[in-house]
Amino acid sequence: VPEDKAYRSRRFLDPGERLMRLIDQNRSERFSWLFPYLGIVGLGLLVYARTLGFGFNYLDDNTLILDRQHWFRDPAYIFQAFREDVFRSASSDRFYYRPILTASFLFDFRIGGIHPWIYRMTNLWLHLASCCLAFKLLRTLGAAAASALFFSLILTVHPIFTQAVTWLPARNESLLLLLQSF
């Protein structure tokens with residue numbers, strides 16, 4: 001009875017070859033948890049990388065970022081952000097309290113100045129981190145890896161979430177998900 005070639009080749013491997021196969025097998029198992037996250041981040045970068053070259057729009061970007069350069073130069077302004085609304089309005093009937101949003105803009109300004117790509121990069125990374133957390137949440141709730149990855153990829157690229165990446169003040173949504181996760 002002729003032996004199976006695959007069995008015979010496994011049986012007569014030299015010890016060095018066996019060790020290398022064992023190391024490769026353990027390496028792939030050791031990092032297999034990382035592959036879904038790399039897929040989410042990779043797809044998100046593929047879809048949204050073009051937005052990094054966009055400039056500021058003058059709907060809210062001028063009010064929230066460009067007009068506050070003198071405030072953002074002083075790191076102590078972060079305390080003021082927790083005392084006033086995001087538009088710095090004195091009217092109590094128009095109060096829009098978003099101190100974490102203002103603090104994130106201050107952080108971006110301290111890193112990249114007035115260059116819009118740093119603000120857009122922050123929006124992109126916040127969105128991708130939110131999508132990765134959604135995958136982790138689904139897995140924790142007992143969803144199968146394939147279905148959790150599928151829904152996380154949908155969350156990553158669905159057009160309804162495009163504003164969370166492309167419109168700078170819309171980072172509220174991503175910040176909300178991230179802060180609720182902790």
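Here are some exercises on a predicted model of a protein chain, each with a worked solution.

## Exercise 1: The overall layout

**Task.** Work out which secondary structure elements the chain has, and how many of each.

**Solution.**
- Step 1. Start with the counts: there are 11 helices and 0 strands.
- Step 2. Read the elements in order from the N terminus, and you get α-α-α-α-α-α-α-α-α-α-α.
- Step 3. Turn to burial. Of the 182 residues in the chain, 32% are buried.
- Step 4. Look at the surface, where the chain exposes about 11600 Å², with 65% of this supplied by carbon and sulfur atoms.
- Step 5. Finish with the contacts between residues at least 6 apart in sequence: 66% of them join residues at least 24 apart.

## Exercise 2: A charged pair

**Task.** Search the whole structure for salt bridges, then say which residues take part and where they sit.

**Solution.**
- Step 1. Recall the background: side chains of opposite charge can pair when their charged atoms come close.
- Step 2. Run the search over the whole structure, which returns 1 salt bridge.
- Step 3. Identify the partners as Asp 108 and Arg 171, whose closest N and O atoms are 2.8 Å apart.
- Step 4. Place the two on the chain. Asp 108 belongs to helix α7 and Arg 171 to helix α11, so the pair links distant parts of the chain, 63 residues apart.
- Step 5. Check the surroundings: Asp 108 and Arg 171 are both buried.

## Exercise 3: Around the two helices

**Task.** Take Thr 102, Ile 100, Asn 172 and Glu 173 in turn, and decide for each whether it is buried, partly exposed or exposed.

**Solution.**
- Step 1. Thr 102 lies in helix α7. Thr 102 is buried because its relative accessibility is 4%, under the 20% cut-off.
- Step 2. List what Thr 102 touches. Beyond its neighbours within four places in sequence, its contacts are Arg 68, Phe 72, Tyr 77, Ala 81 and Val 86.
- Step 3. Ile 100 is in helix α7 too, which covers residues 99–112. Its relative accessible area of 35% makes Ile 100 partly exposed.
- Step 4. Follow Ile 100 to the surface: together with Phe 82, Phe 95, Tyr 97 and Leu 179, it makes a nonpolar surface patch of about 480 Å².
- Step 5. Asn 172 is in helix α11, and at a relative accessible area of 18% Asn 172 is buried.
- Step 6. Leave out the neighbours of Asn 172 within four places in sequence, and its contacts are Tyr 96, Arg 98 and Leu 101.
- Step 7. Glu 173 also lies in helix α11, which spans residues 171–181. With 43% relative accessibility, Glu 173 is partly exposed.
- Step 8. Add a distance for Glu 173: from its C-alpha to that of Gln 163 is 9.5 Å, with the two residues 10 apart in sequence.

## Exercise 4: Two cysteines

**Task.** Explain why Cys 131 and Cys 132 are not bonded through their sulfur atoms.

**Solution.**
- Step 1. Keep the chemistry in mind: a disulfide is a covalent bond between the sulfur atoms of two cysteines.
- Step 2. Find the cysteine sulfur closest to that of Cys 131. It belongs to Cys 132, at 7.1 Å.
- Step 3. Compare with the cut-off of 2.5 Å. The sulfur atoms are too far apart for a bond.
- Step 4. Reverse the search from Cys 132, and the closest cysteine sulfur is that of Cys 131.
- Step 5. Take the total, which is 0 disulfides.
- Step 6. Check burial as well: Cys 131 is buried at 1% relative accessibility, and Cys 132 is buried at 15%.

## Exercise 5: Aromatic rings

**Task.** Count the aromatic pairs, then describe the geometry of Trp 33 with Tyr 37 and of Phe 150 with Phe 151.

**Solution.**
- Step 1. The count comes to 8 aromatic pairs.
- Step 2. Trp 33 and Tyr 37 are 6.3 Å apart centre to centre, with 65° between the planes. This pair is edge-to-face because the angle is over 60 degrees.
- Step 3. Phe 150 and Phe 151 are edge-to-face as well, at 5.3 Å centre to centre and 75° between the planes.
- Step 4. Add the accessibilities: Trp 33 is exposed at 53%, while Phe 150 is partly exposed at 49%.
- Step 5. Look for linked pairs, and you find a cluster of Trp 71, Phe 72, Tyr 77 and Phe 109. From that cluster, Phe 72 and Tyr 77 are among the contacts of Thr 102.

Notes
Residues numbered from 1 in each chain as written. Predicted model: local features only at pLDDT ≥ 70, side-chain atom pairs only at ≥ 80, totals over all residues. Heavy atoms only, no water. Helix = DSSP H or I, 4+ residues; strand = E, 2+ residues; numbered from the N terminus. Buried < 20%, exposed > 50% of the residue type's maximum accessible area, 1.4 Å probe, protein only. Patch = residues over 30% accessible without salt bridge, like charges linked within 9 Å, V, L, I, M, F, W, Y side chains within 5 Å. Areas by Shrake-Rupley, 256 points an atom, 1.4 Å probe, with all protein chains shown as cover. Salt bridge = Lys/Arg side-chain N within 4 Å of Asp/Glu carboxyl O. Phe/Tyr/Trp six-rings, centres within 6.5 Å; stacked < 30°, edge-to-face > 60°. Contact = heavy atoms within 4.5 Å.
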